[in-house]
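Biologist: I should be grateful for a close look at the aromatic ring pairs in this model. Please treat the rings together with their surroundings, in one connected account.

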Amino acid sequence: MKQQATVASTADTCKTIEVAAVVELQHHHRSQPLLPPQFIKLSPVPTADDNFDFNYSCGDDDNEEEFFIPPLNFAMVDNGIFRSGFPDVYNFSFLLTLGLRSIIYLCPEPYPEANMEFLKENDIRLFQFGIKNCKEPFVNIPEEKIREALGVLIDVRNHPVLIHCKRGKHRTGCLVGCLRKLQKWCLTSVFDEYQRFAAAKARVSDQRFMELFDASILKQQSLPFSCSKR
């Protein structure tokens, strides 16, 4: 981490700290990578009469911008396709930068009111395919729902689209893995991508499901986005 700090003698002078580092935020007791290295400007140094309530913003002194925070496990899957864990309120500003048309939600629980309001305000369509999150050996992935979700996913009329479940690992990983089979990726690459997000919680049952998934029914549909083999 590189820091450069300048503090003047008067109490009301701004203290500027330039940070070249990846910032991490604790989200539900888990660290979450935020944005690539960039500059963060802190508010004026508080005096004894002030409360220590720092207000963060991005940019330089002349052009301050809002600090965009991506959801947990956010990543780009392909042109117009993104994946993540469950978006929270503080992720909304970041999601706006994606210009989303739709969200594919893979959990059975009702969508939170704040999230629904965000979708309505920004004309984003919600596709919900409720898949229960069960731990091994009781994992049961409904193939029909995965097929339905995959049909929505490859329809470019729904792009840009965000896929998410709770953590962006298992259910999201299975759907992305089935997309990769449709894109004719080899199983080694499909599993590598799945394990990169699931990490220590990778499930054999998920990988078996992706291996046995028959994408031939959907292969007749054109894939105008990137579909290179791996």
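Modeller: Two rings of Phe, Tyr or Trp, with the six-membered ring taken for Trp, count as a pair if their centres lie within 6.5 Å. Planes over 60 degrees apart make such a pair edge-to-face. The model is a predicted one, and a search of the whole structure finds seven aromatic pairs in it.

Ring pairs link F74, F82 and F94 into a cluster. Within this cluster, the ring centres of F74 and F94 are 4.9 Å apart and the planes stand at 85 degrees, so this pair is edge-to-face. F74 belongs to the loop between β7 (64-65) and β8 (75-78), while F94 belongs to helix α1 (residues 92-96); the pair therefore ties together parts that are 20 residues apart in sequence. The two partners can also be described by their accessibility. F74 has a relative accessibility of 25% and so counts as partly exposed, whereas F94, at 10%, counts as buried because the cut-off for that class is under 20%.

A further edge-to-face pair is formed by F86 and Y105, with 5.5 Å from centre to centre and 85 degrees between the planes. F86 is placed in the loop between β9 (81-84) and α1, and Y105 in strand β10 (residues 102-105), so parts that are 19 residues apart in sequence are tied together by this pair. Both F86 and Y105 are buried.

Another aromatic ring has a charged neighbour: R83 lies over the face of F197, at 3.7 Å from the ring centre.

F197 falls within helix α5 (187-198), and α5 is among the elements that cover the buried residues of α6. The others named as cover include α3 (143-153) and α4 (170-182). In α6 itself (residues 204-212), the buried residues are S205, D206, Q207, F209 and M210. An α-helix has 3.6 residues a turn, so residues three or four places apart point the same way.

For the wider setting, the protein chain contains six helices and twelve strands. Of its 230 residues, 43% are buried. Among contacts in the chain with a separation of 6 or more, 61% are between residues 24 or more positions apart. The accessible surface of the chain comes to about 13,300 Å², and carbon and sulfur atoms account for 51% of it.

Terms used:
Residues numbered from 1 in each chain as written. Predicted model: local features only at pLDDT ≥ 70, side-chain atom pairs only at ≥ 80, totals over all residues. Heavy atoms only, no water. Phe/Tyr/Trp six-rings, centres within 6.5 Å; stacked < 30°, edge-to-face > 60°. Helix = DSSP H or I, 4+ residues; strand = E, 2+ residues; numbered from the N terminus. Buried < 20%, exposed > 50% of the residue type's maximum accessible area, 1.4 Å probe, protein only. Lys NZ or Arg CZ within 6 Å of the ring centre and 35° of its normal. Contact = heavy atoms within 4.5 Å. Areas by Shrake-Rupley, 256 points an atom, 1.4 Å probe, with all protein chains shown as cover.
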